[in-house]
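Visitor: I would like a brisk tour of this model. Please keep the answers short and end each on what I asked for.

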There are 2 protein chains.
Amino acid sequence: MTAQARGLHARVLDSLGPAITGGEYPPGSVLRTDELAQRFEVSRSVMREAVRVLESMHLVASRRRVGVTVLPAEEWNVYDPQVIRWRLAGADRPRQLRSLTVLRSAVEPVAAGLAARHATAGQCAALTEYALGMVATSRGRQLEAYLVHDIAFHRTVLNASGNEMFARLGDVVAEVLAGRTHHDVMFEDPDPAAVTLHVRLAEAVREGDAAGAEALTREIAEGALRELDILAP
Amino acid sequence: MTAQARGLHARVLDSLGPAITGGEYPPGSVLRTDELAQRFEVSRSVMREAVRVLESMHLVASRRRVGVTVLPAEEWNVYDPQVIRWRLAGADRPRQLRSLTVLRSAVEPVAAGLAARHATAGQCAALTEYALGMVATSRGRQLEAYLVHDIAFHRTVLNASGNEMFARLGDVVAEVLAGRTHHDVMFEDPDPAAVTLHVRLAEAVREGDAAGAEALTREIAEGALRELDILAP
DNA sequence: ACACCTAAAAAGTCAGACTTTTATGTCACA
DNA sequence: TGTGACATAAAAGTCTGACTTTTTAGGTGT
């Protein structure tokens with residue numbers, strides 16, 4: 001799954017990135033490039049490239065005569081897919097999953113409304129197909145197969161919105177859905193009501209019913225929030 | 001304004017980044033590190049660091065024996081503040097401003113609803129202050145002063161939501177508001193209706209009226225969309 | 001107590017040599 | 001004519017060492 005040989009600097013990042021986002025180095029901690037290079041057994045050049053990447057993510061700031069300072073979490077580029085992955089892999093995964101789900105609940109309804117206006121015939125067909133796939137795999141503990149269709153469905157809606165900012169959240173949504181299936185409470189089959197909502201959403205988009213699509217997505221989102229006890233009952 | 005001496009690699013990025021996001025190198029274009037280093041008159045080490053950063057933004061991909069390939073726009077990390085700034089400075093600024101405004105219209109209402117539940121007393125006071133500041137500067141062509149309050153207002157709402165993903169959109173909103181004032185049609189004083197909505201929003205948040213805050217923000221967002229002719233009248 | 005000056009620490013820069021991967025072209029053989 | 005193995009070279013990747021620049025901390029002198 002994870003490519004092994006995509007460069008030394010990337011391997012350093014795989015180790016150092018999660019350590020920082022995981023709070024192993026509290027904000028204000030000072031690292032020195034040379035020391036890090038020794039620790040990871042790479043040359044200074046490689047370590048410098050890794051630090052540059054961390055710097056571009058606003059995880060650290062590098063200053064002369066001081067060193068590489070870890071920045072507080074409020075500074076981090078939390079929309080960077082890499083940072084999201086690191087954080088989801090770390091200890092505060094639950095909190096991260098919550099904030100991302102709230103983001104979804106804001107974005108996806110509007111995206112669905114736009115999709116109803118802009119979706120191509122091909123996208124509509126794809127949506128119907130994925131929705132039917134969800135129906136077919138919604139019973140009998142086929143969670144993995146269900147997840148594939150669920151991800152494809154939501155990704156298609158975001159792409160069909162025609163807004164690139166929405167489209168680029170496809171990966172985030174995929175991570176959230178996968179996280180929910182794999183790590184959180186999901187011992188049982190998906191909620192049949194949610195499955196029905198997806199089928200109806202596919203219909204609404206196909207028929208160009210923007211208001212309906214938005215409302216249905218809002219219902220789906222509320223279900224997701226309720227699962228995480230974010231929404232009051 | 002723009003720091004001049006924050007490293008050679010940063011200066012290279014200031015030049016190369018906008019060139020790429022501006023479409024000067026179409027997707028698939030191949031650059032060579034050595035050639036770039038010569039062109040910008042820096043050492044290979046410095047150029048390599050710059051390329052690493054571009055790579056982490058998914059603007060380019062570096063492959064052995066091939067070179068540094070410019071990736072298609074769908075791959076770009078469009079949530080990276082740096083990338084956003086580069087694109088807003090470039091030719092497709094209008095398109096960018098539209099997609100960001102649509103994003104705002106999705107996120108801010110939900111953020112405002114959360115802010116009504118979670119805002120601290122200090123944040124409520126700040127909101128009221130900024131809203132009054134907007135009122136005071138809404139007439140007589142004081143656009144710059146108005147903008148400052150407008151930005152502070154929206155940033156405070158996003159922060160008060162208590163969701164870090166929302167909070168981190170403060171910079172984006174600031175860019176959009178500034179862009180609207182500075183480059184787009186804004187010869188006249190702000191819409192009085194919009195100003196009133198902000199005052200009422202501050203009240204709603206203070207009173208913990210989540211539904212009201214959300215609805216008011218939706219109205220504000222609709223105004224912004226209409227300004228860009230995104231919303232049907 | 002304050003201003004100024006010096007020294008050192010760490011990042012930043014550069015140049016050159018070497019290694020590794022891999023696209024491509026070539027040549028023999030079927 | 002096609003195909004597969006092999007050689008070649010191009011470009012990124014890595015390492016090392018020397019040097020420069022900035023900036024902090026500490027000392028010195030009035």
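Guide: Contact here means heavy atoms within 4.5 Å. The model is predicted.

Visitor: Which residues does Thr101(A) touch, not counting residues up to four places away in sequence?
Guide: Thr101(A) sits in helix H5 of chain A. Leaving out residues up to four places away in sequence, its contacts are Val176(A), Ala224(A), Leu225(A) and Leu228(A).

Visitor: Is Thr101(A) buried or exposed?
Guide: The cut-off for buried is under 20% relative accessible area. Thr101(A) has 4%, so it counts as buried.

Visitor: Which element gives the largest share of the largest nonpolar core?
Guide: That core has 101 residues. Those with the most contacts inside it include Ile20(A), Leu59(A) and Phe166(A), and also Ile20(B), Leu59(B) and Phe166(B). The largest share is 9 residues, and it comes from helix H5 (residues 93-118) of chain A.

Visitor: How many residues are in the other core, apart from that one?
Guide: Its members include Ala119(A), Leu197(A), Val205(A) and Ala213(A). This core lies apart from the largest one and has 22 residues.

Visitor: Which residues of chain B does Phe166(A) touch?
Guide: Phe166(A) has contacts in its own chain, among them Val107(A), Leu114(A) and Leu158(A). Residues up to four places away in sequence are not counted. Across in chain B, Phe166(A) touches Tyr79(B), Val102(B), Leu103(B) and Ala106(B).

Visitor: Which element gives the largest share of the surface near DNA strand C?
Guide: In chain A, helix H2 (33-40), helix H3 (44-56) and strand S2 (60-63) each supply at least two residues. Helix H3 (44-56) of chain B does too. The largest share is 3 residues, from H3(B).

Visitor: What percentage of the atoms of DNA strand C within 4 Å of the protein belong to sugar or phosphate?
Guide: Some polar pairs involve phosphate oxygens of strand C. A backbone N or O atom of Thr33(A) lies 2.8 Å from one. Polar side-chain atoms of Arg48(A) and Arg63(B) lie 3.1 Å and 3.2 Å from a phosphate oxygen. Bases account for the rest of the strand C atoms within 4 Å of the protein, while the sugar or phosphate portion is 73%.

Visitor: Which residue places a polar side-chain atom 2.8 Å from a base oxygen of DNA strand D?
Guide: Two other arginines pair with other kinds of oxygen. In the side chain of Arg48(B), an N or O atom is 3.1 Å from a phosphate oxygen of strand D. A polar side-chain atom of Arg64(B) lies 3.3 Å from a sugar or linking oxygen. The base oxygen at 2.8 Å is paired with Arg65(A).

Visitor: How many charged residues does the surface near DNA strand D have?
Guide: In total, 23 residues surround strand D. Among the closest are Leu8(A), Ser43(A) and Thr33(B). By class, 5 are nonpolar, 6 polar and the charged ones number 12.

Visitor: How far apart are the end C-alpha atoms of helix H11 of chain B?
Guide: The helix covers residues 210-227, which is 18 residues. The expected span is 1.5 Å times one less than the number of residues. That should give 26 Å, and the end C-alpha atoms agree at 26 Å.

Visitor: Which helices do the buried residues of H11(B) pack against?
Guide: The buried residues include Ala213(B), Leu216(B), Ile220(B) and Ala224(B). Their partners are in chain B: helix H5 (93-118), helix H7 (143-160), helix H9 (170-183) and helix H10 (192-206).

Technical notes:
Residues are numbered from 1 along each chain as its sequence is written. Chains are lettered from A and ligands numbered from 1 in the order in which they are written. This is a predicted model: local features need pLDDT of at least 70, side-chain atom pairs count only at pLDDT 80 or more; totals for chains, interfaces and linings use all residues. Side-chain values use heavy atoms; hydrogens and water are left out. A nonpolar core is a set of buried Ala, Val, Leu, Ile, Met, Phe, Trp, Tyr and Cys residues joined through side-chain atoms within 4.5 Å. Buried means under 20% relative accessible area, exposed over 50%, partly exposed in between (1.4 Å probe, protein chains only). Helices (H or I, at least four residues) and strands (E, at least two) are DSSP runs, numbered from the N terminus. A residue is near a molecule or strand if one of its heavy atoms lies within 4 Å of it. A polar contact is a pair of N or O atoms within 3.5 Å; within protein, one must be able to donate a hydrogen and the other to accept it, and residues adjacent in sequence count only if both atoms are side-chain atoms. Ala, Val, Leu, Ile, Met, Phe, Trp, Tyr, Cys and Pro count as nonpolar, Asp, Glu, Lys and Arg as charged, and the others, Gly among them, as polar.
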